[in-house]
Amino acid sequence: HNGHHVLLAHTGFAAIEEAQKSRPQVALLDIGLPDISGYEVGRRLRAAYGQDIALVALTGYGQDEDRQKTTEAGFDDHLVKPVSIVDVERTLAKFKRA
């Protein structure tokens, strides 16, 4: 994991619960989740933690309108699957705190 502490959640509600417990610096969120959308997860995390959390969409949705929706939901970045580990590391580096 290249020095990153990685946590995994399979649903939107589980991601919100995990974020409440662990307070991650960055959340990589799929948009198409089985319970609530990643957009809604992003909105809730942004409302709860403001700029203390970086939100990155990691999704198969890559049209301009999809990118606009993630921006409107408060996401900081948008990666379209498939992504390489290099892309993920480059994105994480943008949000690294000293």
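**Figure 1. Glu18 and Lys21 pair within helix H1.**
Glu18 is partly exposed, at a relative accessible area of 23%. Its partner is Lys21, and the two side chains form a salt bridge with an N to O distance of 3.9 Å. Lys21 is exposed, with a relative accessible area of 60%. Both residues belong to helix H1, which covers residues 12-22. They sit 3 residues apart, or about one turn of the helix. The model shown here and in the other views is predicted. In this model, the salt bridge count comes to 7.

**Figure 2. A salt bridge joins Asp30 and Lys81.**
The closest N and O atoms of Asp30 and Lys81 are 3.1 Å apart. Asp30 lies in the loop between strand E1 (26-29) and helix H2 (38-49), while Lys81 lies in the loop between strand E3 (77-80) and helix H4 (85-94), so the bridge ties together parts that are 51 residues apart in sequence. Asp30 is partly exposed, at 25% relative accessibility. Lys81 is also partly exposed, at 41%.

**Figure 3. Glu40, Arg43 and Arg44 form a salt-bridge network.**
Within this network, the side chains of Glu40 and Arg43 meet at 3.2 Å, N to O. Both residues lie in helix H2. They are 3 residues apart there, which means a separation of about one helical turn. Arg43 is partly exposed, with a relative accessible area of 39%. Glu40 is partly exposed too, at 24% relative accessibility. Arg44 is the third residue linked into the network.

**Figure 4. Strand E2 is largely enclosed by the rest of the structure.**
Strand E2 spans residues 54-59. Of its 6 residues, 5 are buried, so the strand is largely enclosed. E2 runs parallel to E1, and 4 bridges join the two strands. Ala27 stands opposite Leu55 of E2. To get from E1 to E2, the chain passes through H2. This β-α-β crossover is right-handed.

**Figure 5. Strands E2 and E3 run parallel.**
The two strands are joined by 4 bridges. Leu58 has Leu79 in E3 as its bridge partner. The connection includes helix H3, residues 64-72. Together, E2, H3 and E3 make a right-handed β-α-β unit. In a regular strand, side chains alternate between the two faces of the sheet.

**Figure 6. Arg46 is a buried residue of helix H2.**
Arg46 lies in helix H2. Its relative accessibility is 14%, under the 20% cut-off, so Arg46 counts as buried. The Arg46 side chain has polar contacts with backbone oxygens of two glycines. The side chain reaches the backbone oxygen of Gly50 at 2.4 Å. The backbone oxygen of Gly74 lies 2.7 Å from a polar atom of the Arg46 side chain. Leaving out residues up to four places away in sequence, Arg46 touches Gln51, Ile53, Leu55, Gly74 and Asp76. Leu55 in that set is the E2 residue that stands opposite Ala27.

Definitions and conventions:
Residues are numbered from 1 along each chain as its sequence is written. This is a predicted model: local features need pLDDT of at least 70, side-chain atom pairs count only at pLDDT 80 or more; totals for chains, interfaces and linings use all residues. Side-chain values use heavy atoms; hydrogens and water are left out. A salt bridge is a side-chain nitrogen of Lys or Arg within 4 Å of a carboxyl oxygen of Asp or Glu. Buried means under 20% relative accessible area, exposed over 50%, partly exposed in between (1.4 Å probe, protein chains only). Two strands pair if DSSP finds at least two bridges between them. A crossover is right-handed if, with the strands pointing away from the viewer, the path from the first strand over the helix to the second runs clockwise. A polar contact is a pair of N or O atoms within 3.5 Å; within protein, one must be able to donate a hydrogen and the other to accept it, and residues adjacent in sequence count only if both atoms are side-chain atoms. Contact means heavy atoms within 4.5 Å.
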